[in-house]
Amino acid sequence: KGDGKKSIEALYLAAKIAKKDLKDQETELKMYDRIAAEYPNDPEAPKALFVSAEAYETALNYEKAREYYGKISEKYPEDSLSGKSQKRLNAIINK
């Protein structure tokens with residue numbers, strides 16, 4: 001269990017470096033995808049999906065943003081981000 005936390009922290013750090021230093025959104029989003037895929041039961045998984053969804057929305061990639069917001073509502077209905085995701089999804093549904 002402890003190893004998972006370290007791995008998640010490393011992936012977040014890699015995502016942060018990709019975004020800040022490399023201006024590489026593709027790599028940043030891959031790191032968030034890995035967190036969600038490799039640690040689906042960790043509380044960080046829905047957070048990683050939400051950050052990805054927001055990044056896609058900011059980049060005006062509404063198709064991907066809808067996909068990611070939808071994943072949160074579908075996979076983590078009990079998570080606090082599920083409600084936020086649903087609101088964001090409704091806000092961009094017609095874009």
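This section describes buried positions, aromatic pairs, salt bridges and a surface patch in a predicted model.

Two buried positions, Leu 11 and Ser 85, illustrate how the helices are surrounded by other parts of the chain. Leu 11 belongs to helix α1, which spans residues 2–20. Its relative accessibility is 7%, and because buried denotes a value under 20%, Leu 11 is assigned to that class. Apart from neighbours within four places in sequence, the residues in contact with Leu 11 are Met 31, Arg 34, Ile 35 and Tyr 39. Phe 50 lies 39 residues from Leu 11 in sequence, and the C-alpha atoms of Leu 11 and Phe 50 are 15 Å apart in space.

Ser 85 is located in helix α5, formed by residues 80–92. With a relative accessible area of 0%, Ser 85 is likewise classed as buried. When neighbours within four places in sequence are set aside, Ser 85 is in contact with Phe 50, Tyr 69, Ile 72 and Ser 73. Phe 50 thus appears in the contact list of Ser 85, and the distance from its C-alpha to that of Leu 11 is the 15 Å given above.

Three aromatic pairs are counted in the model. One of them is formed by Tyr 56 and Tyr 68, whose ring centres are 5.2 Å apart and whose planes are inclined at 45°, a tilted arrangement. This pair links distant parts of the chain, with Tyr 56 in helix α3 (residues 44–58) and Tyr 68 in helix α4 (residues 62–75), 12 residues apart. Both Tyr 56 and Tyr 68 are buried. The ring of Tyr 68 also has a charged partner: the charged end of Lys 71 sits over this ring, 4.3 Å from its centre.

Lys 71 takes part in a salt bridge as well, pairing with Glu 67 at a closest N-to-O separation of 3.7 Å. Lys 71 and Glu 67 are about one helical turn apart, because four residues separate them in helix α4. A salt bridge also joins Glu 67 to Lys 64, again with the closest N and O atoms 3.7 Å apart. Here the spacing is three residues within helix α4, so Lys 64 and Glu 67 too are separated by about one helical turn. Lys 64, Glu 67 and Lys 71 are accordingly linked in a network of salt bridges. Each member of this network is partly exposed, with relative accessibility of 29% for Lys 64, 35% for Glu 67 and 26% for Lys 71.

The structure contains seven salt bridges. Among them is a bridge in helix α3, where the side chains of Glu 44 and Lys 47 meet with an N-to-O distance of 3.4 Å. Glu 44 and Lys 47 are three residues apart in helix α3, and therefore about one helical turn from each other. The two partners fall into separate accessibility classes: Glu 44 is buried, at 17% relative accessible area, whereas Lys 47 is partly exposed, at 39%.

At the surface, Leu 13, Ile 17 and Leu 22 make up a nonpolar patch of about 290 Å². Leu 13 is situated in helix α1, the helix that also holds the buried residue Leu 11.

How values were computed. Residues are numbered from 1 along each chain as its sequence is written. This is a predicted model: local features need pLDDT of at least 70, side-chain atom pairs count only at pLDDT 80 or more; totals for chains, interfaces and linings use all residues. Side-chain values use heavy atoms; hydrogens and water are left out. Buried means under 20% relative accessible area, exposed over 50%, partly exposed in between (1.4 Å probe, protein chains only). Contact means heavy atoms within 4.5 Å. Rings of Phe, Tyr and Trp (its six-membered ring) pair if their centres lie within 6.5 Å; planes under 30 degrees apart count as stacked, over 60 as edge-to-face and the rest as tilted. A charge sits over a ring if NZ of Lys or CZ of Arg is within 6 Å of the ring centre and within 35 degrees of the ring normal. Patches are made of residues with over 30% relative accessible area and no salt bridge: like charges are joined within 9 Å, nonpolar side chains (Val, Leu, Ile, Met, Phe, Trp, Tyr) within 5 Å. Accessible areas come from the Shrake-Rupley method with a 1.4 Å probe; for residues, only the protein chains shown count as cover. A salt bridge is a side-chain nitrogen of Lys or Arg within 4 Å of a carboxyl oxygen of Asp or Glu.
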